[in-house]
Amino acid sequence: MFLEVHNIIKSFNNEHVVRDLNFTLDAHKTLSILGKSGCGKTTMLKIIAGLVKPDSGSISLKSKNITSARPEQRNIVYLYQEDLLFPHLNAFENIAFGLRLKKTRDPQIKEKVNHMIDSLELNGQASKMPTQLSGGQRQRVSFGRAIITNPSLLLLDEPFGSLDAGTRQRMQSLFKKLTKEFDITSLFVTHDLKEAVLMGDEIGFMRAGRLQVYKEKQDFINDPETGVQEEIEYWKGLSSPNPSQGGKL
Amino acid sequence: MLLILFPFIFMVLLSLSSSWRFPEVFPGYFGFKNWVTLLGSEAGLLQSFIISIVISLSVGIVSTFSGFLISRAVFYHKKKRILTLFAYFPYVLAPVVFGACLSFFFLKMGLFGNVTGVIVAQFLIAFPYALIFFGSFWNKKIKSYEDLVATLGGTSQQTFFKVLFPLAKSMLLICFFQTFLISWFEYGLTSIIGVGKVQTLTIKVFLFIKEANYYYGALSCCLLIFPPVVLLYFNKRYVFKNLI
């Protein structure tokens with residue numbers, strides 16, 4: 001397996017935030033993780049990224065144990081809900097940032113960044129500063145900055161949470177396109193049910209620090225705990241012509 | 001406007017005058033005699049100016065950078081509130097009392113009456129200021145930037161040079177100017193630790209005023225306000241412009 005997470009436990013002040021975390025993920029797949037706020041999703045991602053130390057358990061990436069490796073040695077990029085563009089750098093330099101850290105040569109940087117700008121549909125925006133970009137454009141630059149370094153694993157923590165519905169939809173399509181183009185393996189955390197189903201090859205549901213992964217989407221949909229059935233009933237009710245027959249309007 | 005500028009204009013005029021006694025309307029002499037005499041002579045004003053510049057630059061640079069780095073460590077420390085509270089300690093005491101408290105240790109370490117001792121003493125005042133000043137820079141967002149750089153493969157050195165210093169550039173400059181000025185105008189600690197052997201420009205101004213030598217006092221005041229005016233200009237031109 002590409003990513004293997006075994007028995008990860010994490011507590012803060014005697015409160016179990018992550019309990020017995022066990023899952024695996026194949027290369028070039030996306031695992032959507034759905035869960036309410038405070039259920040431990042962010043802590044789980046930070047543990048995998050190496051930003052938070054687990055109390056116990058192990059993480060392997062490409063069959064190599066990385067549990068005690070420092071974040072900069074893991075080749076795992078963690079993307080926040082906020083785009084976190086560097087305000088002192090323009091869009092081009094923000095995307096090039098990871099390459100500059102790795103001391104890549106200038107002509108190579110130019111070529112890679114220009115290709116990335118093209119893939120991100122950001123043509124003509126390269127010289128703009130972050131404050132001159134829209135929310136969607138900023139998020140795309142943030143993606144580009146993460147993907148260009150060719151990370152083994154991409155961790156996305158509610159990346160579209162702050163975007164409006166239209167931009168969010170466009171970003172979802174773009175992300176799907178990018179995952180194919182750049183063979184990305186990712187964990188995609190969201191609290192949006194539809195987004196979880198749309199974005200993931202597999203879906204996980206996290207509750208009170210425990211993660212259950214559904215290898216098939218149908219299993220996820222059929223499980224009453226996930227709330228999918230409730231959602232389906234709600235929408236059915238809305239479309240029903242007679243409110244007395246379950247219609248909510 | 002005239003009222004604000006008048007003291008400064010009068011100070012320059014006074015520095016160019018001598019033998020100006022009441023009720024004479026104009027001074028007996030008006031020219032650069034005082035400047036030529038003082039800058040090149042026994043009064044050692046030029047030497048004081050250079051010593052002051054060296055002391056203030058050292059205090060400004062060291063306290064700004066150490067304040068920046070240590071404020072980060074304080075922010076991530078479990079007991080950051082207590083540590084921040086300690087930083088206010090030097091300001092609870094008057095500088096003269098603080099200097100008297102420190103004098104024993106300075107004597108033991110051989111730092112009494114020399115430039116190094118004055119730099120260390122002034123650092124003890126300027127550093128807590130820098131520490132408190134940078135306390136507002138560190139927050140969750142900055143932590144997120146640091147984490148992001150780490151996951152992108154950056155070392156902590158790269159984080160400082162490529163992200164933290166550029167992000168804090170304006171604050172670093174303001175803090176440097178402030179700590180420079182704290183040191184530049186410092187009198188109480190300098191007079192105690194320097195024991196008259198380290199004569200900064202501020203000490204010289206007080207000496208001339210004590211001697212009732214207003215012409216020399218005005219001249220040294222002109223020199224005293226020269227670096228702050230230059231700093232103010234740079235602040236306005238390069239720092240505040242970027243903040244807005």
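Helix H6 of chain A, covering residues 165–181, makes a handy starting point: at 1.5 Å a residue its 17 residues should span 24 Å, and the end C-alpha atoms are indeed 24 Å apart, which agrees. The model here is a predicted one. Four residues of H6(A) come out as buried, namely A:Gln172, A:Phe175, A:Leu178 and A:Thr179. Looking down the helix axis, these buried residues of H6(A) sit within an arc of 130 degrees, so they line one face of the helix. That fits with the textbook picture: an α-helix has 3.6 residues a turn, so residues three or four places apart point the same way.

The face of H6(A) turned away from the buried side is another matter, carrying the exposed residues A:Gly166, A:Ser173, A:Lys180 and A:Glu181. As for what lies over the buried residues of H6(A), the cover includes two strands of chain A, S3 (30–35) and S8 (186–190). Helices of chain A also take part in that cover, among them H4 (106–119), H5 (135–147) and H7 (193–199). After H6(A) comes A:Asp183, which has a positive phi, near 50 degrees.

Stepping back to the whole chain, chain A holds nine helices and 10 strands. Its radius of gyration is 19 Å, close to the 18 Å that the globule rule gives for 249 residues, so chain A is as compact as a globular protein of that length. Along the principal axes, the C-alpha atoms of chain A fill a box of roughly 65 × 45 × 30 Å. Some 41% of the 249 residues of chain A count as buried. Of the contacts in chain A with a separation of 6 or more, 67% are between residues 24 or more positions apart.

Chain A also touches chain B, in a contact that takes 16 residues from chain A and 14 residues from chain B. On the chain B side, helix H8 (140–151) and helix H9 (156–167) each supply at least two residues. H8(B) gives the largest share of that side, with six residues. By type, the chain B residues that touch chain A split into seven nonpolar, six polar and one charged.

One residue of H9 in chain B gets a closer look here: B:Phe165. It has 14 C-beta neighbours inside 10 Å and therefore counts as partly exposed, since a residue needs 20 or more to be buried and 12 or fewer to be exposed. B:Phe165 and B:Leu5 stand 160 residues apart in sequence, and their C-alpha atoms are 37 Å apart in space.

Technical notes. Residues numbered from 1 in each chain as written. Chains lettered and ligands numbered in written order. Predicted model: local features only at pLDDT ≥ 70, side-chain atom pairs only at ≥ 80, totals over all residues. Rg over C-alpha atoms; globule rule 2.2 N^0.38 Å. Contact = placed C-beta atoms within 7 Å. Nonpolar A, V, L, I, M, F, W, Y, C, P; charged D, E, K, R; others polar. Expected span 1.5 Å × (residues − 1). Arc of directions from axis to C-beta.
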